[in-house]
Amino acid sequence: MFVCVCNAVTENDIRSAASRGVDSLEALTSELNVGGCCGSCCEIATECLNNALVTAQPAA
Ligand code: FES
């Protein structure tokens, strides 16, 4: 599913970015330009990134 339609960025793209160390919306925008056009995806992109970061954590 596309998270950022303007830049054709999917949930998988965001998960992949998180696995490379992207840990903020600013970094995501820098890497994939998420939110860099209309900005309407910022909230869902942040949620998607946070979910990716949580699931990427090794079990304690
Ligand atoms: S949908 Fe992401 S910048 Fe427009």
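The following legends describe close-up views of a predicted model.

**View 1. The largest nonpolar core of the predicted model.** This core has 14 residues, and the members that touch the most others are V3, I14, L28, V34 and A45. At least two core residues come from each of β1 (2–4), α1 (11–19), α2 (25–32) and α3 (42–56). In soluble globular proteins, nonpolar side chains tend to be buried together.

**View 2. The surroundings of I14.** Which residues is I14 in contact with, leaving aside its neighbours within four places in sequence? They are V3, V9, L28, A45, C48, L49 and A52. I14 also belongs to the core residues that touch the most other members, and it is one of the buried residues of α1.

**View 3. The two sides of helix α1.** I14, A17 and A18 are the buried residues of α1. Seen down the helix axis, these buried residues fall within an arc of 100 degrees, and therefore they line one face of α1. The face turned away from this buried side carries N12 and S19, which are exposed. The elements against which the buried residues of α1 pack are β1, β2 (9–10), α2 and α3. Just after α1 comes G21, whose phi is positive, at about 105 degrees.

**View 4. The packing of α1 with α2.** The axes of these two helices are 11 Å apart, and the helices pack at an angle of about 110 degrees. Angles of 65 to 115 degrees count as roughly perpendicular, and α1 and α2 are therefore described as roughly perpendicular to each other. On the α1 side, the contact is made by D13, I14 and A17; on the α2 side, it is made by L28, E31 and L32.

**View 5. The length and the two sides of helix α3.** How far should the 15 residues of α3 span at 1.5 Å a residue? The expected span is 21 Å, and the C-alpha atoms at the ends of α3 are 21 Å apart, so the two values agree. Within this helix, A45, C48 and L49 are buried. Because the buried residues of α3 fall within an arc of 100 degrees when seen down its axis, they line one face of the helix. E43, E47 and V54, on the other side of α3, are exposed.

**View 6. The partners of the buried face of α3.** The buried residues of α3 pack against β1, α1 and α2. Among the residues of α3, A45, C48, L49 and A52 are in contact with I14, a buried residue of α1.

Methods. Residues numbered from 1 in each chain as written. Predicted model: local features only at pLDDT ≥ 70, side-chain atom pairs only at ≥ 80, totals over all residues. Core = buried A, V, L, I, M, F, W, Y, C linked by C-beta atoms within 7 Å. Buried ≥ 20, exposed ≤ 12 C-beta atoms within 10 Å, placed from the backbone. Helix = DSSP H or I, 4+ residues; strand = E, 2+ residues; numbered from the N terminus. Contact = placed C-beta atoms within 7 Å. Expected span 1.5 Å × (residues − 1). Arc of directions from axis to C-beta. Axes fitted to C-alpha atoms, helices over the stretch in contact; angles between N-to-C directions. Parallel < 35°, antiparallel > 145°, perpendicular 65-115°, else oblique.
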